Amino acid sequence: MPSLSNYIAPYAILNNTTSNKDEIVYTFEDSIKILKNTNSNTLENWLTIYTGIDDANITIADINNDGYNDILVYAVLGGLKIYKNNSGSGFFS
């Protein structure tokens, strides 16, 4: 069975956005996209965040220790951007 990494790279698993389900975050051109777990063995396009950073890497971490994972987007020539999870609401700032 092929793995997700054969299709999308780089990607990361994000949890605690809208529920206790995992979402998949991946880079696409100069944005990041989040696929929402529908809990019915499917994922749906959910959110696109324009970052302005091409060929970015992503890391998921709870950087402000609020119990919700945040998204760090970085590239050698593009710098670093941090998108904080707004208390599990599914929105980032």
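**Notebook: K81, its sheet and the core**

I began with K81, which touches T51, I53, I71, L72 and V73 once residues up to four places away in sequence are set aside; contact here means heavy atoms within 4.5 Å. I note for the record that this is a predicted model, in which local features need pLDDT of at least 70 and side-chain atom pairs count only at pLDDT 80 or more, while totals for chains, interfaces and linings use all residues. Residues are numbered from 1 along each chain as its sequence is written, and side-chain values use heavy atoms, with hydrogens and water left out.

**Entry 1: K81 and its surroundings**

I looked up where K81 sits, and its place is in strand β7; strands are DSSP runs of E with at least two residues, helices are runs of H or I with at least four, and both are numbered from the N terminus. K81 counts as partly exposed because its relative accessibility is 34%, where buried means under 20% relative accessible area, exposed over 50% and partly exposed in between, with a 1.4 Å probe and protein chains only. For I53, one of the residues that K81 touches, I found a separation of 28 residues in sequence and 8.9 Å in space from K81, C-alpha to C-alpha. For T51, I found its backbone oxygen 2.5 Å from a polar atom of the K81 side chain. I checked this against the definition of a polar contact, a pair of N or O atoms within 3.5 Å, where within protein one must be able to donate a hydrogen and the other to accept it, and residues adjacent in sequence count only if both atoms are side-chain atoms.

**Entry 2: the sheet that holds β7**

I then followed β7 into its sheet, which is open, has three strands in the order β5-β6-β7 and is paired antiparallel; two strands pair if DSSP finds at least two bridges between them. β5 (57-61) and β7 (79-83) stand at the edges with a single partner strand each, so one side of each is left without a neighbour in the sheet. The twist averages 20° from one strand to the next, with axes taken as lines fitted to C-alpha atoms, for helices over the stretch in contact, and angles running from 0 to 180 degrees between N-to-C directions.

I listed the pairings in turn. Five bridges join β5 to β6, which covers residues 70-75, and among them N57 has Y74 as its bridge partner, while T59 stands opposite L72. Five bridges also join β6 to β7, where the bridge partner of L72 is I82 and A75 stands opposite G79. L72 thus has T59 opposite it in β5 and I82 as its bridge partner in β7. The connection from β6 to β7 is a hairpin through three residues. Five of the six residues of β6 are buried, so this strand is largely enclosed by the rest of the structure.

**Entry 3: the core**

I asked which residues make up the largest nonpolar core, and found 12 in all: V25, I32, I34, I49, I53, A56, I58, I60, I71, V73, A75 and Y83. Such a core is a set of buried Ala, Val, Leu, Ile, Met, Phe, Trp, Tyr and Cys residues joined through side-chain atoms within 4.5 Å. The elements that give it two or more residues are β3, β5 and β6, and β6 supplies the largest share, three residues.

**Entry 4: the other hairpin and the positive phi values**

I turned to β3 (residues 31-37) and β4 (residues 43-50), which run antiparallel and are joined by seven bridges, N37 standing opposite L43. Their hairpin has five residues between the strands, and within it N39 takes a positive phi near 70°.

I found two further positive phi values. E29 has a phi of about 55° although it is not a glycine; it lies in the loop between β2 (22-28) and β3 and counts as exposed at 56% relative accessibility. N65, also a residue other than glycine, has a phi near 55°, lies in the loop between β5 and β6, and is exposed with a relative accessible area of 69%.

**Entry 5: the chain as a whole**

I closed with the totals for the protein chain, which has zero helices and seven strands. Of its 93 residues, 33% are buried. Among contacts between residues at least 6 apart in sequence, 28% join residues at least 24 apart. The chain exposes about 5,600 Å², of which carbon and sulfur atoms supply 49%; accessible areas come from the Shrake-Rupley method with a 1.4 Å probe, and for residues only the protein chains shown count as cover.
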